[in-house]
Every structure is written in structure tokens, then in C-alpha cells.
Amino acid sequence: MSDQAPDAIARPLGDQTGGLPAVAIPVPPRPSLRERWLSRDTLAAYLFLAPALVHFLVFFLGLVVISLGLSFMSWDLFSPAKFVGLANYKRLLFEDPDFWPTFWRTTYYVVLVIPTAVAAELLLALAVNTRLRAIKFFRATYFIPVVASAVAVALVWGWILNTQSGILNWFLGFFGIGSIDWLGSPRLAMPSVALVQVWRGLGEGMIIFLAGLQAIPQHLYEAAELDGAGRWAKFRSVTWPLLAPTTFFVTVLEVIGSFQVFDMIYLLTRGGPAQATTVYNYELYQQAFRDFRMGYAAAMTWLLFVVIGVLTLIQFRVINRRVQYELG
Amino acid sequence: MSGVRTVAAAIAITMLVAVGCSGGGTENAPGTIVVMLPSDNPGDIQLRRAQAEAFMKSHPKIKVQVQVIPSEGYNERVFTSIGGGNAPDIFNSGDVVIPSIVQRHVALDLNQFVKRDNYDLGQFYPQVIQGLTLDNQLVGLTDNWDTQVMYYNRDLFQKAGVPEPTADWTWDDVVSAAQKITSGSGGSKTWGLLYETWFAPLDDQVYSFGGQVFSDDGKQCLLDEPQSVAALQSIVDVMKAGYAPQPQVFEQEGQDPFSIFAAGHAGMWIGSGRWSAFDLQGVKDLDWAIAPRPNGPDSPRSNFFHLAMYAITSASNDKNNAWEFLKYMVSPEGITQAFESMQGIPSRPALAEDPKITNTDIVQQHDAFQPFVESLPTVRAAPFLSNFFEVDDAIGNGLDPMWRGEADVQSTATKVCQRVDELLSEQQS
């Protein structure tokens, strides 16, 4: 090896299979800094990257930094922004009587949505994980709500849940159940919105679960069958443990998404009745665009970011440890 | 050469993206006045477009463009477009937004033009000009005004043997009539009274009972004072007695006050202004009429003054031309043009009794004129609070359990006032 030219590396190719001699691959001379940064190819590459980079810097990172700065300001869009230090955060956590009720209301929503959504998505994925001829049609159908516009979904569910003429109450009427005020009752409004949101996200979770299910090696099921395992035993001993990384991933996504719920609330209940569905992001929207407390709303955003971050971290630390990623 | 082509292609793509990202927003072209208004009143949109056409004919150098914004979140959009430097020249706004406009210096004080042009504000109802003035600043002008009244069903009054309401009716007369008219139960129930519990009718009830929602300086909530509590109690009592529906009923689809009244299932309806008359005139087999709101036990009635106005943004590039068009909108010519779609009463007394207003069906058959004019001496302008919507939400949400019969009036009012006091102190800081 030592007799090779200094700018060439000897690499034994296939020497374990025997026979082939070591081949020296010539390494081109190291380009100068100027050549590296200013060659036509590099320049072209950067120019091609530029749109995405500019978009990222201006419309994402830039705004993130601005919103962080804004959270230490008092700004109503019209008067010059005033630096107020941690006052917005102090007010949020210790002085605003609406903050904690809104936070716990949002947590209630998250608690309603997560188990229901994850269970329903898993069940649906199991149901469509078959080799039926028309299965692609069913998978696509279940995915439609994910791509449908939120306004259309809200409109349709508004009709379904309509107290007087809604199809749900009409159906329940056959069982002698009287008209239920799904969205108008402070007690039922949140579960109703949660139901709509679960339905809306079904397809997304289903697709991820389906990918997880199809990654489970078939021979494990065959081995389990040889051991005399029934359907339930196969699910419990093979599917569920091997699906754990997927379940974990879906749960993390659901937690993040649920804390950020806004559109369905805005479209279906406007935070009502009597604040029963005023969740975190709806309150944030009101603070920003009804009351023009931009700094305060920015602080709310960052606090939510911290909450979601901490929760995700906890999930990674606590649950992820128990997740088995590889066979072994 | 291929390298040059690649770089050129990259530049072209970057330029395209940059152009695409510019958002297509255009600055108002010089000489173009942009008028912003909400989408919920098609008649008004049509009218403003017609006014713009007529104005442009007589002012060929000025172009007027009517920009319609979705009515959901209209105020937010107007304010953010002004705050974001993309302000219209003229915008439609409501009375309760005036303090916010003044505090944030969003609109011009029209007094500067009034003085300069010797513009005669005396041609308008004085209450209109007062209602549009805050801190000596004339925030906007309007072509019409409206106020809270009481709708009633003549057939149901006749059936119950109750004389029709008059201007000197008191709350006790309303309750007594409601009791006699109420009949039936379940889906076919006829309610004696529909009392909406949003801010305007609530404010009227409190003042007609001698109470106040806020102190005169707007610094304190007085909803928990004895007379205000008595006013709230008076509505709760009618609901408890079963003469008027609780809010739960209204929350059900198809059970809003208008639908119940239009279906002939209510004797009286408090909580609306002249705008409902236009919707009711299309309802068949309903003999309805309008009376002034009732007087309180010891105090005269109070009437919330509804003013939708047009203001000129401080950031307008073309203030003088904007003023010219605004003047046209509220001129006798502009108002006459507005008669067909106008839901309120013309803001100029000289035009209020024009046959095109007084000879209409809603006036001739349903009294949609006199009760409004009779209410003029007791109109009350919207409270001047810069965070009105937040305070209004706190009151609405706070009182909700009380309307539902889940909490008593005094303790609810006390709790609401604690929160409202906090919000009132914030608006001054």
C-alpha cells in the first residue's frame, strides 16, 4: 500500500471472494476554495436551491424568529411595538383567567381524540389490509376526508349533526332517542367536534398503519400459525408488538395535531356554546385578530410549542423505550 | 455552453418563483378609491357599485373600486389590511368598532373636511352625528340608522284578546300579554315572547329598568347593581314561566328567533331592528307589525342605536377624493339612490319621510316607520369600549348559565362584573 501514489487509495475489491487484485482508484486533485464555491455547477446548484432556500428563510425561519421576538413585545398592528420582556408570558401563566380553562379544555379535546383516533385508524388499517380485488377503492375512499377541504367537511357534518333535520338524529329516532343538540349543548359540543376530527383524520392514520402492517414479515405469521396461534394471538404477539413503532409515530403526530386544532372549531362552533369549545388555538386567534394582541398571541404560540415539545419528548423517553424497532 | 444554460435556467426559475411569491397584491392605482365592505348584504354591494358608477360619471378623473370582503371575520380583515399597509381608502364599519378605530388612529377625523368645505352636518339627525363622534372626532358618515324595536303578531294578539302594543306600553304589559298568548307545548308551542339575549336588547332592558351595564366613563361594570339585576331577572322570570324560550331553544337549527316568529309561533319578538322587516315581508300568512320597545317599570324605554358607517382610512393615498365619494354616498342624491336597498331610516330628516320610504309595504302595512322615529329621543349609542368584542364575549359567556337556569342572577352578574372590570381596566392601560 505504501508504494501507491500519495493521491491514490488502494482498495481491495472482492478480495474475500478471492482472486481479484487490489485496484488503485485515482483521486482527482482537491479543487481550490474558489473553484469549489464559484464553479458553474456549484453556482447553478445554489441557484436551483435558492427558491426553496429563500422560501424557507423568509416564510418559515424568518417568521419563527420574528414571532419569538414578538412574544416579548406589546403590539396591536397599528402602534409601534413596545418591548415588555416576559410580561406576556407572566400574564399568560399567572394572570389571564381564560388561559388555564382554555388549556384544560384543549387537553380534554386531546384526551378525547387520541385514543379514539388511534384505535379507529388501526382498526381501519387492519380492515383494509387484505387482498380483495377492490381494496384500493376502499383505501382511497377512506382517504378522501383527508384531502377534502375543511369547509366542505364542516358543512357536511353541520348537516349531519343538525338537531332538527340531521341524519344522525333521524337515525337515532328509530331507537326512540329524541333530538340531541350535538353542537349547541355545552356538554356535547366538544365530543361532537372531536368525533368530526377523528373521522377527518382516519385516512391519514390508516395509511401509516397500513404501511406498518405490510412491513411485518409474513413468515412470522406462518410461524405463529404453526405454533397454533389464532387470529387474536397473532395480533397480540406479532402484529401489535411489531406495529409499535408505527403506533408510536401515529400517536406523536395525533398529539401534535390535536393540540393545534382550529379549523373545525372555527367552522363548526366558533368556540361556543358558552366557550365550551374555545380551544387553545381559537383563543390565540381571538387574541391576535379580534383583540389585536399580537405579542400576547405570539407568546401563546411559543408556549404551545413548548408544551407540544415537552409532551413529544416525554413520549420519546417513556414510550419509545418500550418500542421494539427490530426483530431480534 | 451547457453550464451557461444551466445557470440561465436556474436564474429564470428563481425569478419566476420570486414573481410568484410577490402575492399579486397591487397598490391602489393613483386616482382610484377602494371601498371595502362586507359580503353579507348583497343589496348594499349592488348599491355601492351603482353609486360608484354614478359618481364616476360626474367625476371622470376619479375611479372608484368596490372591494367585497367575506363578512365572517370582516373587522379582522379590514384591520389587518390596514395594519399590513394594504389599506382601502374607505371602509364600512359598525358603531361598536368606533372606539377601536379611534384608539388605533385607523380612520381620519372627518371634521377637518367638514371645516374646510363648510359641510353642513346639521342636515343629518343630530343623534347620528353624535353616535359617530368620539373624543370630538367624527369617525364616519352614514346614509341610514336603525334601532331596536318590538315585532308582534297581530293574529296572535287578536286570538288572545290582547290589545295591540302602543308606545306607552311597559314591561309589565309585555309580560301580561306574553302570558295570555303562550299556549301549547313541544314543537307546536306558541311562545308569548322571544327575547334575544345579545348585547343590544340586553343593554336596552338594563337601561329601561334604571340600571346601567357600564358606568358613564366606561371604567366599571354595573351589571351587578340592583336595578341591572332586576332587569336581568325580568327576562329570566319570563323564561322560567315558560312564556319565552331559553337560549337552548335558539341553538337548535331552524329555531332561531326569526324562524319561530315567521312561523307564527311567537306573539312578540324583541332583539331586532328594521332589517328584519325586509325578510318578514316575504313571509306569507303572517300578519305582523312593529311597536316601540316597552318602557321600564319606572324609567322610559331605551333603544340601542345601530349605525353602520363609512370611514376614510388614515393611510389612504387619496384622502380628498375619498372624501368626495363619501360625501356623495351620504348626499341627498346618493341616499335617494340607496332607498331601494336601505334597511334603516335615512340619516337626513329631510329625506326620511320621502314617499319612497313611507309608501312602502313594510311601512303601510306593518308600521315600519313611526316606531323608529318615536324611539329616536331614547336611542343609546353603542358603548365606547376599545375592546368591546372581548367584553361582549365575557358578558355573553358569563350570563349563559343564568339563561339556561343553571345559576342565579345576582351571583352570575357579580361574577360577570369581576371579569368585565378586569377587561375594562385593560382597555385604559
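**Close-up 1. A loop aspartate of chain B with positive phi.** B:D367 is found in the loop of chain B that links α18 (361–364) and α19 (370–375). This is a predicted model, so everything shown here and below comes from predicted coordinates. The phi of B:D367 is positive, about 60°, although the residue is not a glycine. How accessible is B:D367? Its relative accessibility is 30%, so B:D367 counts as partly exposed.

**Close-up 2. Another aspartate with positive phi, this time between two strands.** Here we look at B:D135, in the loop between β4 (133–134) and β5 (137–138) of chain B. Again the residue is not glycine, yet phi of B:D135 is positive, near 50°. B:D135 counts as exposed because its relative accessibility is 64%.

**Close-up 3. Strand β11 of chain B, covered on both faces.** In a regular strand, side chains alternate between the two faces of the sheet. Strand β11 (residues 303–306) of chain B has B:N303 and B:F305 on one side, and B:F304 and B:H306 on the other. All four of these residues are buried, so both faces of the strand are covered. Which strands does β11(B) pair with? One of them is β6 (residues 144–147) of chain B, joined to β11(B) in antiparallel fashion by two bridges. Look for B:D146 here: its bridge partner in β11(B) is B:H306. β11(B) also pairs with strand β14 (residues 379–380) of chain B, this time in the parallel sense and over two bridges. For that pairing, pick out B:F304, whose bridge partner in β14(B) is B:R380.

**Close-up 4. A buried arginine without a salt bridge.** B:R348 sits in the loop between β13 (345–346) and α16 (349–352) of chain B. What is the nearest side chain of opposite charge to B:R348? That is B:D120, 7.2 Å away, and B:R348 is buried with no salt bridge. A salt bridge needs the side-chain nitrogen of Lys or Arg within 4 Å of a carboxyl oxygen of Asp or Glu. B:R348 does have a polar partner, though: its side chain makes a polar contact of 3.4 Å with the side chain of B:Y119.

**Close-up 5. A nonpolar surface patch on chain A.** About 1000 Å² of nonpolar surface makes up this patch, with A:L53, A:F56, A:F60 and A:I66 among the residues that form it. Zoom in on A:I66, which is in helix α2 (residues 40–70) of chain A. With 53% relative accessibility, A:I66 counts as exposed.

Key: Residues numbered from 1 in each chain as written. Chains lettered and ligands numbered in written order. Predicted model: local features only at pLDDT ≥ 70, side-chain atom pairs only at ≥ 80, totals over all residues. Heavy atoms only, no water. Helix = DSSP H or I, 4+ residues; strand = E, 2+ residues; numbered from the N terminus. Buried < 20%, exposed > 50% of the residue type's maximum accessible area, 1.4 Å probe, protein only. Pairing = 2+ DSSP bridges. Patch = residues over 30% accessible without salt bridge, like charges linked within 9 Å, V, L, I, M, F, W, Y side chains within 5 Å. Areas by Shrake-Rupley, 256 points an atom, 1.4 Å probe, with all protein chains shown as cover. Lys, Arg positive; Asp, Glu negative; His and termini not counted. Polar contact = N/O pair within 3.5 Å; in protein donor to acceptor, adjacent residues only side chain to side chain.
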